[in-house]
Amino acid sequence: MFKWIHRFGSSPFVYRAASWLAPVFGLGAAACILVGLYLGLVVAPADYEQGDSYRIIFVHVPSAWMSMFVYMVMATSSAVFLIWRMKLADVVAWASAPIGASFTLIALVTGAFWGKPMWGTYWIWDARLTSELLLLFIYLGYMALRSSIEQPQTAARAAAILAVVGVVNIPIIHFSVEWWNTLHQPATISKLDKPSMHISMLRPLLLMVAGFQLLYFHQLMVRVKTGILQREARSAWVAELVANNRV
Amino acid sequence: MDSHPQSIGLVALFRSLLSRELAVAIRSPGQWLNPILFFIIVITLFPLGVGPGPNTLSIIAPGVIWVSALLSVMLSLQSLFYDDLHNGSLEQFVLSAQPLSVVVLAKVLAWWLLAGLPLLLVSPLLAILMNLQGSAIPVLMLSLLLGTLTLILVGAIGAALTATVGNGGGILMSLLVLPLTVPVLIFGSGAVQAAASQMPVGGHLSLLVALLALALSLAPLATAAALRVAVSAG
């Protein structure tokens, strides 16, 4: 029953699957994002309170969502790597970290640009902004740990432990920051609660979320290919690929 | 070697490890004196940097004392497993029949006695320097008692993960651990702030206890896993 799972232990198989899937995800992402941007920036009406500036949610919300989704992928695959020593799971975690960090950074920067017209300042110590910033630090710490241990096997296992420790901590950090924030800042600035959205705004948002999700999978496949090639650089099948110019 | 590896009980192991750690540390006073000096010096920098106005100082006092305690603990933790890894005793701990997490727990407790407890003891003096309200001092000490234990437990994970990293391992460790210590900082300094403004502190302290309970039960396992990685790296 679980026979199929063993095929994921085989690097050539995964490499081929990733080569096939990368363009599929890439095209899907491009289609969703283009249509989503058109519907969001051109078709959807301006908000009666926020004017056109609300349109940044079509980038901000998907990237904030992805910043957390990617961490979950990273932590899950790290746990799989620690428990079953599945090399591919480590490749997925390794490949996900910079992508997740980028999504987090995009969410922070777009949040700041949105904050300027809405709150009158680029940065406030809002609970969500703060925990997003801490998430960025955790991503960067993961990458820093990986890159500073020279032996690849040790680096992989140490980083996997850190990712799992992080996933236990992230909810605690999130809730403590939220609590801290409500203690310190009375609601002078009404937080942008999720409004009941009109369908004309919701549709492009969902499309963008799907697009970012596919974009992540596309990037993941590309990086997984790179990771496999790096790890298997000395094996015969890679030599064959290189000889035939098919990398 | 002992032919009956189980013959030493967990409690005896814990006790002998604790006294070993304390004996080693007391013979090199820098190890436990430097973090306290660091703590005191960092705090004296704040009035010099921010200005000595008594009102300003008493507003920032809880945060300043707590952040300095956090940094001092982080700095002192860098060398937690360094010697054990390099003189081979860590390898023996890993090979021994006893659970590695108990070894970790003993080391953490010894470290707290050396690098955490002194912070607690000098904190009233620093509270006076920072013009913190006298009534908040017991809460400050209690929050540091609960908080520094949690910090050392969490920091030990980072120390174990970076044990094999030679140069720059210390700053790397702080990068990894500091984001994870945010909850302790929030509730620790929050408790002191609440006490200084005559508000109930039970909530903050209960959450600190909860964090400590969580760290006490999970952090030694993660630290032990990280130490196994460090030892297998050679």
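In which kind of crossing, left-handed or right-handed, does H4(A) pass H7(A)? The legends below will take you to that spot and to several others. As you look, keep in mind that this is a predicted model.

**Figure 1. Helices H4 and H7 of chain A cross each other.** Here is the reply to the opening question: H4(A) passes H7(A) in a right-handed crossing. The residues that touch on the H4(A) side are A:Val91, A:Val92, A:Trp94, A:Ala95, A:Ser96 and A:Ile99. Facing them from H7(A) are A:Tyr216, A:Gln219, A:Leu220, A:Arg223, A:Val224, A:Gly227 and A:Ile228. Sorted by class, the residues of this contact are nine nonpolar, three polar and one charged. For the geometry, find H4 at residues 87–119 and H7 at residues 199–231 of chain A; their axes lie 9 Å apart and the packing angle is about 125 degrees. That angle makes H4(A) oblique to H7(A), because angles over 145 degrees would be needed for roughly antiparallel and 65 to 115 degrees for roughly perpendicular.

**Figure 2. Helix H7 of chain A also meets helix H2 of chain A.** H2 covers residues 11–43, and its axis comes within 6 Å of the axis of H7(A). The two cross at roughly 155 degrees, so H2(A) and H7(A) are roughly antiparallel to each other. The cut-off used here is that angles over 145 degrees count as roughly antiparallel. This time the crossing is left-handed as H2(A) passes H7(A). Try counting the residue classes in this contact: there are 23 nonpolar, nine polar and two charged residues.

**Figure 3. A:Leu105 sits in helix H4 of chain A.** Is this residue buried, exposed or partly exposed? A:Leu105 has 17 C-beta neighbours inside 10 Å, so A:Leu105 counts as partly exposed. Being buried takes 20 or more of these neighbours, while 12 or fewer would make a residue exposed. Now look for A:Leu135, which is 30 residues away from A:Leu105 along the chain. In space, the C-alpha atoms of A:Leu105 and A:Leu135 are separated by 9.7 Å.

**Figure 4. Two loop residues share a theme, a positive phi without being glycine.** Start with A:Arg85, in the loop between helix H3 (57–84) and H4 of chain A. A:Arg85 is not a glycine, yet its phi is positive, at about 55 degrees. With 12 other C-beta atoms within 10 Å, A:Arg85 is exposed. Then move to chain B and find B:Gln198 in the loop between helix H9 (182–196) and helix H10 (202–233). B:Gln198 is not a glycine either, and its phi is positive, at about 55 degrees. B:Gln198 is exposed as well, with 10 other C-beta atoms within 10 Å.

**Figure 5. Chain A touches chain B.** Chain A brings 23 residues to this contact and chain B brings 21 residues. Which helix of chain A gives the most to the side that touches chain B? H6(A) does, with 14 residues. Helix H5 (127–148) and helix H6 (152–184) of chain A each supply at least two residues of that side. Its residues on the chain A side fall into 16 nonpolar, six polar and one charged.

**Figure 6. Chain A is built with eight helices and zero strands.** Follow the sequence and you will read the pattern α-α-α-α-α-α-α-α. The C-alpha atoms of chain A fill a box of roughly 60 × 40 × 35 Å along the principal axes. Of its 247 residues, 39% count as buried. Among the contacts in chain A with a separation of 6 or more, 78% are between residues 24 or more positions apart.

**Figure 7. Chain B is built with 10 helices and zero strands.** The radius of gyration of chain B is 19 Å, close to the 17 Å that the globule rule gives for 234 residues, so chain B is as compact as a globular protein of that length. Along the principal axes, the C-alpha atoms of chain B fill a box of roughly 65 × 35 × 30 Å. Buried residues make up 47% of the 234 residues. Of the contacts in chain B between residues at least 6 apart in sequence, 81% join residues at least 24 apart.

Conventions:
Residues are numbered from 1 along each chain as its sequence is written. Chains are lettered from A and ligands numbered from 1 in the order in which they are written. This is a predicted model: local features need pLDDT of at least 70, side-chain atom pairs count only at pLDDT 80 or more; totals for chains, interfaces and linings use all residues. Helices (H or I, at least four residues) and strands (E, at least two) are DSSP runs, numbered from the N terminus. The radius of gyration is taken over C-alpha atoms; the globule rule is 2.2 Å times the number of residues to the power 0.38. Two residues are in contact if their C-beta atoms, placed from the backbone, lie within 7 Å. Axes are lines fitted to C-alpha atoms, for helices over the stretch in contact, and angles run from 0 to 180 degrees between N-to-C directions. Angles under 35 degrees count as roughly parallel, over 145 as roughly antiparallel, 65 to 115 as roughly perpendicular and the rest as oblique. A crossing is left-handed if the near helix is turned anticlockwise from the far one by less than a right angle, and right-handed if clockwise. Ala, Val, Leu, Ile, Met, Phe, Trp, Tyr, Cys and Pro count as nonpolar, Asp, Glu, Lys and Arg as charged, and the others, Gly among them, as polar.
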